[in-house]
Amino acid sequence: MSDCIFCKIINRELPSTIVYEDDQVLAFRDINPAAPIHVLVIPKRHCANILDPATVEAGLPAALFKAVAQVAAKEGLEERGFRTVVNYGRDAGEAVPHLHLHVIGGRALGWPPG
Ligand code: 5GP
Ligand code: ZN
């Protein structure tokens, strides 16, 4: 997707701070962090959102969850905890139409979300 900002980050056309990478997934720091640690985990192949059928193809959910675990370990979040969120649509405030899992931690997080 030539006009997708996350595809541009994957292709190194836009800068990012990469935390983890493998053949299917890239994880990088959110530009506007909601907590001391805020990492986005995205598929390298463009998927629009969690309802896009491409999201559940070719082992991608497993690769995304494996990457979340890698990020949690690298960021030292395993003991104190963290939250993983996927926003979809207007009510959730989804802003970027390339599937992304937020990994948020480093402080106590309120529940339920506002
Ligand atoms: P959403 O609201 O769609 O679930 O989350 C989109 C996230 O992407 C937001 O937390 C926002 O700060 C982040 N974001 C938007 N543009 C960029 C960017 O160019 N670089 C990085 N690193 N994060 C971005
Ligand atoms: Zn994309």
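This is a short talk about one predicted protein model and its zinc site.

Hi everyone, a few ground rules to begin. Residues are numbered from 1 along each chain as its sequence is written, and chains are lettered from A and ligands numbered from 1 in the order in which they are written. Because this is a predicted model, local features need pLDDT of at least 70 and side-chain atom pairs count only at pLDDT 80 or more, while totals for chains, interfaces and linings use all residues; side-chain values use heavy atoms, with hydrogens and water left out.

Let's start with the overall fold. The protein has 3 helices and 5 strands, where helices (H or I, at least four residues) and strands (E, at least two) are DSSP runs numbered from the N terminus. Going along the sequence, you meet them in the pattern α-β-β-β-α-β-α-β. The radius of gyration is 14 Å, close to the 13 Å that the globule rule gives for 114 residues, so the protein is as compact as a globular protein of that length. That radius is taken over C-alpha atoms, and the rule is 2.2 Å times the number of residues to the power 0.38. The C-alpha trace spans about 35 × 30 × 25 Å along its principal axes. Of the 114 residues, 41% count as buried; buried means under 20% relative accessible area, exposed over 50%, and partly exposed in between, with a 1.4 Å probe and protein chains only.

Now, the metal. Which residues coordinate the zinc ion (ligand 2)? They are Cys4 (SG), Cys7 (SG), His46 (ND1) and His98 (ND1), at 2.1 to 2.3 Å. Donors here are N, O and S atoms within 2.8 Å of the metal (3.2 Å for Na, K and Ca); water is not among the atoms, so sites may look incomplete. The angles among the 4 donor atoms run from 101 to 116°, and the site is tetrahedral, a label for four donors with all angles between 85 and 135 degrees. The sequence spacing of the donor residues is C-x2-C-x38-H-x51-H. Cys4 lies in the segment before helix 1 (5–10) and His46 in the loop between strand 3 (37–43) and helix 2 (60–74), 42 residues apart, so this pair links distant parts of the chain. Cys4 counts as buried, at 5% relative accessibility.

One last stop: the structure holds 1 aromatic pair. Phe6 and Phe28 meet edge-to-face, at 5.4 Å centre to centre and 80° between the planes. Rings of Phe, Tyr and Trp (its six-membered ring) pair if their centres lie within 6.5 Å; planes under 30 degrees apart count as stacked, over 60 as edge-to-face and the rest as tilted. Both Phe6 and Phe28 are buried. Thanks for listening!

Key: Four donors count as tetrahedral if all angles lie between 85 and 135 degrees; four count as square planar and six as octahedral if opposite donors are over 155 degrees apart and all others between 65 and 115; anything else is irregular.
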